[in-house]
Amino acid sequence: MVQNTREATRSSPIRPVKVPIEVKVITGEDGIPSSVAVHGHSLRVLSLQDMWTIEDEWWRLTPISRNYYQLIMKDGQLVTVFEDRVSYKWFQQSYV
């Protein structure tokens, strides 16, 4: 059995993890990213590995509407970016 220490409990603030960061993306004529710049450092896209679209929460004032691209960069990194189709901004999404 666990002893009750009678100490007051603290609540810690909830913090989001893996928050997308805004990036600059240059696309080709087909709309697929050809380079991605994060914090002023630009990387060229070697190939497109996957792409998908998410449409969610359409009933809210700001729905979620995104085109995702999983990219293999010239240096070998696997990078996932998305275009927010509501704000027309690009973001990098980290899953690690």
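Glu57 has a relative accessible area of 22%, so it counts as partly exposed: buried would require a value under 20%. In this predicted model, the side chain of Glu57 meets that of Arg60 in a salt bridge, with 2.6 Å from N to O. Arg60 is also partly exposed, with a relative accessible area of 47%.

How many salt bridges does the count come to? The count comes to two. Besides the pair of Glu57 and Arg60, the side chains of Glu55 and Arg85 meet in a salt bridge at 2.6 Å, N to O. This pair links distant parts of the chain, as Glu55 and Arg85 are 30 residues apart. Glu55 lies in strand E3, while Arg85 sits in the loop between strand E5 (78-84) and strand E6 (89-93). Glu55 has 48% relative accessibility and counts as partly exposed. Arg85, at 33% relative accessibility, counts as partly exposed.

**Strands and barrel**

The protein has six strands and zero helices. Along the sequence, the pattern reads β-β-β-β-β-β. The radius of gyration of the protein is 19 Å, well over the 12 Å that the globule rule gives for 96 residues, so the protein is more spread out than a compact globule. Along the principal axes, the C-alpha atoms fill a box of roughly 65 × 40 × 25 Å.

How are the six strands arranged? They form a closed barrel in the order E1-E2-E3-E4-E5-E6, with antiparallel pairing. From one strand to the next, the twist averages 45 degrees. Strands of a sheet pair through backbone hydrogen bonds, and the pairing can be parallel or antiparallel.

The table lists three of the pairings in the barrel, each with one pair of residues that face each other as bridge partners.

| Strands | Sense | Bridges | Example pair |
|---|---|---|---|
| E2 and E3 | antiparallel | four bridges | Ser35 and Arg44 |
| E3 and E4 | antiparallel | 10 bridges | Ser47 and Ile72 |
| E4 and E5 | antiparallel | seven bridges | Tyr68 and Phe82 |

Strand E2 covers residues 33-38, and strand E3 covers residues 41-56. Ser35 stands opposite Arg44, which belongs to E3. Strand E3 also pairs with E4, over 10 bridges, and there Ile72 of E4 is the bridge partner of Ser47.

Strand E4 (residues 64-73) is mostly covered, with seven of its 10 residues buried. On its way to E5, the chain passes through a hairpin with four residues between the strands. In this hairpin, Gly76 takes a positive phi near 95 degrees. The two strands of the hairpin run antiparallel and are joined by seven bridges. One of the bridge pairs there is Tyr68 with Phe82, the latter in E5.

**Burial, contacts and surface**

What share of the 96 residues of the protein counts as buried? The figure is 26%. The protein exposes about 7,800 Å², and carbon and sulfur atoms supply 53% of this area.

Contacts in the protein can also be sorted by how far apart the residues lie in the sequence. Of the contacts with a separation of 6 or more, 34% are accounted for by residues 24 or more positions apart. The salt bridge of Glu55 and Arg85 likewise links distant parts of the chain.

Methods: Residues numbered from 1 in each chain as written. Predicted model: local features only at pLDDT ≥ 70, side-chain atom pairs only at ≥ 80, totals over all residues. Heavy atoms only, no water. Pairing = 2+ DSSP bridges. Axes fitted to C-alpha atoms, helices over the stretch in contact; angles between N-to-C directions. Rg over C-alpha atoms; globule rule 2.2 N^0.38 Å. Buried < 20%, exposed > 50% of the residue type's maximum accessible area, 1.4 Å probe, protein only. Contact = heavy atoms within 4.5 Å. Areas by Shrake-Rupley, 256 points an atom, 1.4 Å probe, with all protein chains shown as cover. Salt bridge = Lys/Arg side-chain N within 4 Å of Asp/Glu carboxyl O.
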